[in-house]
Amino acid sequence: MLNVTFVSWGLLQERMLTRRYPRITGEYFTYPYALVFANRFWTLVMSGMLLAYFRPRTSRSTIIYEYSFPSISNMLSSWCQYEALRYVSFPAVTLFKSFKLAPVMLMGKLLGNQSYPQHDYVVAIITGVGIAMFMTSTDELGFDFDVYGEQTSAKWTGVMLLLFFLFFDSFTSQWQSRMFKRHRDLSMIELMFATSAFSTVLSLITLVHDGMLWPAFDFISRHSEIQFHFFAFSICSTVGQLFIFYTIKNFGAVVFALIMTTRVLISIALSVFLYEHKVTSMGFFGLAVVVAAVCYRIKRKAEGRQLIKWKGMGEKSEKEIELVQEWHEHIDT
């Protein structure tokens, strides 16, 4: 079910942001920040329900402004990801996210002076090489025009947006890990609720300030097809995060990482099939290189560890710090 929800979420994302409503002769939905707001709002609702169910002890050591930093960076990373689809194909965007390891390690060094095993650096380099092979082999990386047919001033706009996505996303995960280490009474659920509350309010303010709220609402009200897509997109994102909790709680982070790796392959395969993206043999070889590197890293992480069953979703534990890392390494909502 975890793969079903997030594969569906990715395909719906591509459909809404890169295809016309109605099909072929219609207009494009050009309001990616509306998707950011919808995701954050439903995450707020879900985390509020989890908060009421688990009832973790409220943190007394955190200061409210600390939640604003990961909220802003999380919003910006989501916007960069959605906006990048204007310039780069969905398979390329999906595979590019596998390079998260490199900026996460860099940010971990800067914010927390963390150390990483040597094989992580090797995996990051190999992953980068595989992604470069995939992206340079596809025929959709002509950056002079975006997916809407509009001429762009920056030839590598899509790649730059993806790099910004990695930067903001890695900052989010490392800042949240830093908060866990500083505030021993802070629970994962409380952190998610507070962060999504900030993000919901800030994304709504952004929509209003930029004059995108009413045009986005008007577009959705005029096209019944995108109404269903918008609803399904939000549900898949919200329910998918519930499945993340369930999977990591009952099967552990290693099994979760394996599932999310298969999700990347399934998403790319379905996108290529449904939206007729052309990938050369070199592109498929690059994809194989990335998957092999990720699987090797999962194998190294699994050595000497219990693969299934750990408890502690409601109370503070070291596993929750690991959950933050795994969450941001594999999730891109």
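Modeller: Buried means under 20% relative accessible area, and exposed means over 50%, with partly exposed in between. Please keep these cut-offs in mind, as the model discussed here is a predicted one.

Biologist: Which elements does the protein contain, and in what order do they run from the N terminus?

Modeller: The protein has 12 helices and 2 strands. Read from the N terminus, the elements follow the order α-β-β-α-α-α-α-α-α-α-α-α-α-α. As for burial, 57% of the 333 residues count as buried.

Biologist: How should one read a salt bridge, and how many does the structure hold?

Modeller: The criterion is a side-chain nitrogen of Lys or Arg within 4 Å of a carboxyl oxygen of Asp or Glu. The structure holds 7 such pairs. One of them joins R15 and E225, with an N to O distance of 3.4 Å. R15 belongs to helix 1 (residues 2-18) and E225 to helix 10 (residues 224-275), so this pair ties together parts that are 210 residues apart in sequence.

Biologist: Is R15 buried or exposed?

Modeller: R15 has a relative accessible area of 4% and is therefore buried. Its partner E225, at 25% relative accessibility, counts as partly exposed.

Biologist: Which other residue meets E225 in a salt bridge?

Modeller: The side chain of R23 does so, at 2.9 Å from N to O. R23 sits in the loop between strand 1 (20-21) and strand 2 (27-28), whereas E225 lies in helix 10, so the pair ties together parts that are 202 residues apart in sequence. R23 counts as exposed, because its relative accessibility is 52%. Salt bridges that share partners thus join R15, R23 and E225 into one network.

Biologist: What is the distance between the closest N and O atoms in the salt bridge of E83 with R86?

Modeller: Those atoms are 3.0 Å apart. E83 counts as buried, at 11% relative accessibility. R86 also counts as buried, at 18%.

Biologist: Let us turn to helix packing. At what angle do helix 3 and helix 7 pack?

Modeller: The general idea is that angles over 145 degrees count as roughly antiparallel. Helix 3 (residues 68-84) and helix 7 (residues 157-182) pack at about 155°, and their axes are 8 Å apart. That angle makes helix 3 roughly antiparallel to helix 7.

Biologist: Is the crossing of helix 3 and helix 7 left-handed or right-handed?

Modeller: Helix 3 passes helix 7 in a left-handed crossing.

Biologist: I should next like to read the surface. Which residues make the nonpolar surface patch of about 360 Å²?

Modeller: A residue needs over 30% relative accessible area and no salt bridge to be part of a patch. Here F41, W42, V45 and M49 make the nonpolar patch. M49 is placed in helix 2 (residues 32-54). With a relative accessible area of 58%, M49 is exposed.

Biologist: Is M46, which lies in helix 2, buried or exposed?

Modeller: M46 is buried, because its relative accessible area is 2%. Helix 2 therefore holds both M46, which is buried, and M49, which is exposed.

Biologist: How far apart are M46 and S196 in sequence and in space?

Modeller: Separation along the chain and separation in space are read as two values. M46 and S196 are 150 residues apart in sequence, while their C-alpha atoms are 9.8 Å apart in space.

Key. Residues numbered from 1 in each chain as written. Predicted model: local features only at pLDDT ≥ 70, side-chain atom pairs only at ≥ 80, totals over all residues. Heavy atoms only, no water. Patch = residues over 30% accessible without salt bridge, like charges linked within 9 Å, V, L, I, M, F, W, Y side chains within 5 Å. Areas by Shrake-Rupley, 256 points an atom, 1.4 Å probe, with all protein chains shown as cover. Helix = DSSP H or I, 4+ residues; strand = E, 2+ residues; numbered from the N terminus. Buried < 20%, exposed > 50% of the residue type's maximum accessible area, 1.4 Å probe, protein only. Axes fitted to C-alpha atoms, helices over the stretch in contact; angles between N-to-C directions. Parallel < 35°, antiparallel > 145°, perpendicular 65-115°, else oblique. Left-handed = near helix turned anticlockwise from the far one by under 90°.
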